[in-house]
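Open the model in a viewer and keep the selection panel at hand. The stops below say what to select and what is found there.

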Amino acid sequence: MAEDSDLEKTEPASPKRIEDARKKGQVPRSHELTTFATLMAGLVAVFTLAPDIFHSIREIMVDNLSFDRTDLISAKQMPEALMAAMRIALIALLPIFAACALVAIMIPIAIGGWIFSTEALGPNFEKLSPIAGIGRIFSMRTIIETLKTILKSGLIGGIAGWILWDEKEQFISLIAMPPDVGFYMLWQMLKYTLLMTVSGMAIIVLIDVPYQLWDYYKGLRMTKEDVRQESKESEGDPHVKGRIRQLQREAARKRMMAEIPKANVVVTNPTHYAVAIQYDEAMRAPKVVAKGSFLLAERIIELAKEHKVTVVRTPPFARALYHHAQLGEEIPAALYTAAAEVLAYIYQLNQYQKEGGLAPTLNTDLPVPAELDPESEKQGI
């Protein structure tokens, strides 16, 4: 059962899967919305430019229905008149075509965004398979598109038929009207009929747009195995990443251990923590070159002794350094005084070992702020 659930597409599409689909030219589209918006833009343009269109039509009819008898002798009269009429009509209709074209471009971009892909132009031999073709014919998508076409035809045809039937008496009365009045009444009735018919498509659009978005993202759903595989491809195999992190830690630890011989002193807790400090006159403040806890602390102490680096037991100072000083960086300013006392002790100890004299002693009560020592906070000091 677990394997079956892993193979079911129950997971939403990841951003990478959506982006891959966009690269292939697969974006949500609603042809019904594009058709509706284009027709509405055309109607609005026609209604807005109606006086200019009427004037152009009148000009074409006047020019082509009246002519000089002497022009009949010329064979170029008819082609020239036709070209003039076409030019006038094109100028009158060009704004309508431009509005429709602009809306037809902008509406798909508003839904699926701008995309340019050539992958869809490549040959797809799977579409040539007869079995796949039969499957597409009887697929759920085809059934839904067929039902949508029937609904659209019935709805728009029903609205147009109802309006024409309701205004049949007015259509008949146009016969008895003067031409100017009749033409104006006809235009008003046609305008109302076209507007109501196209507006009826809004019902289909309100159904089609949510469905197209749902169907698009449903087709991009992923199985749990797809999610795991994509995670491995994008972020890397967890086992490989873990191995890389382990190798990085080992490399960093080796670099850290290589710095221990350069340290002036290693302060300890004595075995829970170990921190190696380095300081010379070129530095503004002492810095931590190595630190560790438990087994790593023991290893730091062993290396320090092998390279004759002094190890001193200063539990509060060691704990404060371990928790608040970053590897390779200067120690906190609040610990400068404690560090100065430890380094002064190391300097005196080196002098004693070279020249003899009175053996130095380290102040065990170093000035370590209580807020920097975790043990002090636990004990309420």
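Begin with helix α10, residues 201-219, and pick out Asp215 within it. This is a predicted model. Is Asp215 buried or exposed? Its relative accessible area is 15%, and the cut-off for buried is under 20%, so Asp215 counts as buried. Now add Pro28 to the selection and draw a C-alpha to C-alpha distance: the viewer should give 8.5 Å, for two residues 187 positions apart along the chain.

**The whole chain**

Zoom out to the full chain, which contains 16 helices and four strands. Of its 381 residues, 29% are classed as buried. Colouring by element on the accessible surface is useful here: the total is about 25600 Å², and carbon and sulfur atoms contribute 63% of that. Among contacts with a separation of 6 or more, 74% are between residues 24 or more positions apart.

**Strands**

Select residues 273-278, strand β2, and go to Gln278. Gln278 has 13% relative accessibility and is therefore buried. Which residues does Gln278 touch, leaving out those up to four places away in sequence? Show Lys262, Ala263, Asn264, Met283, Pro286, Lys287 and Val289.

Next select strand β4, residues 310-313, with side chains displayed. The side chains alternate along the strand: Thr310 and Val312 are buried and point to one face, whereas Val311 and Arg313 point to the other face and are not buried. Add strand β1, residues 265-268; β1 and β4 run parallel and are joined by four bridges. To find one of the bridge pairs, centre on Val266, whose partner in β4 is Val311.

**A nonpolar patch**

Move to helix α5, residues 77-112, and select Leu94. Leu94 belongs to a nonpolar surface patch of about 380 Å², together with Leu90, Leu93 and Phe97. Show these four residues as a surface to see the patch.

**Salt bridges**

How many salt bridges does the structure hold? There are five; three of the pairs are visited below. Side chains of opposite charge can pair when their charged atoms come close.

- Select Glu259 and Lys262, whose closest N and O atoms are 3.5 Å apart. Glu259 is partly exposed, at 27% relative accessible area. Lys262 is also partly exposed, at 49%, and it is one of the residues touched by Gln278.
- Select Arg284 and Glu330, with an N to O distance of 2.5 Å. This pair links distant parts of the chain, 46 residues apart: Arg284 sits in the loop between β2 and β3 (287-293), and Glu330 in the loop between α14 (315-324) and α15 (336-355). Arg284 has 65% relative accessibility and so counts as exposed, while Glu330, at 32%, counts as partly exposed.
- Select Arg319 and Asp373, where the N to O distance is 2.7 Å. Here too the pair links distant parts of the chain, with the two positions 54 residues apart: Arg319 is in helix α14, and Asp373 is in the loop between α15 and α16 (374-379). Arg319 and Asp373 are both buried.

To finish, display the last two pairs together. In one, Arg284 is exposed and Glu330 is partly exposed; in the other, Arg319 and Asp373 are buried.

How values were computed: Residues numbered from 1 in each chain as written. Predicted model: local features only at pLDDT ≥ 70, side-chain atom pairs only at ≥ 80, totals over all residues. Heavy atoms only, no water. Buried < 20%, exposed > 50% of the residue type's maximum accessible area, 1.4 Å probe, protein only. Contact = heavy atoms within 4.5 Å. Pairing = 2+ DSSP bridges. Patch = residues over 30% accessible without salt bridge, like charges linked within 9 Å, V, L, I, M, F, W, Y side chains within 5 Å. Areas by Shrake-Rupley, 256 points an atom, 1.4 Å probe, with all protein chains shown as cover. Salt bridge = Lys/Arg side-chain N within 4 Å of Asp/Glu carboxyl O.
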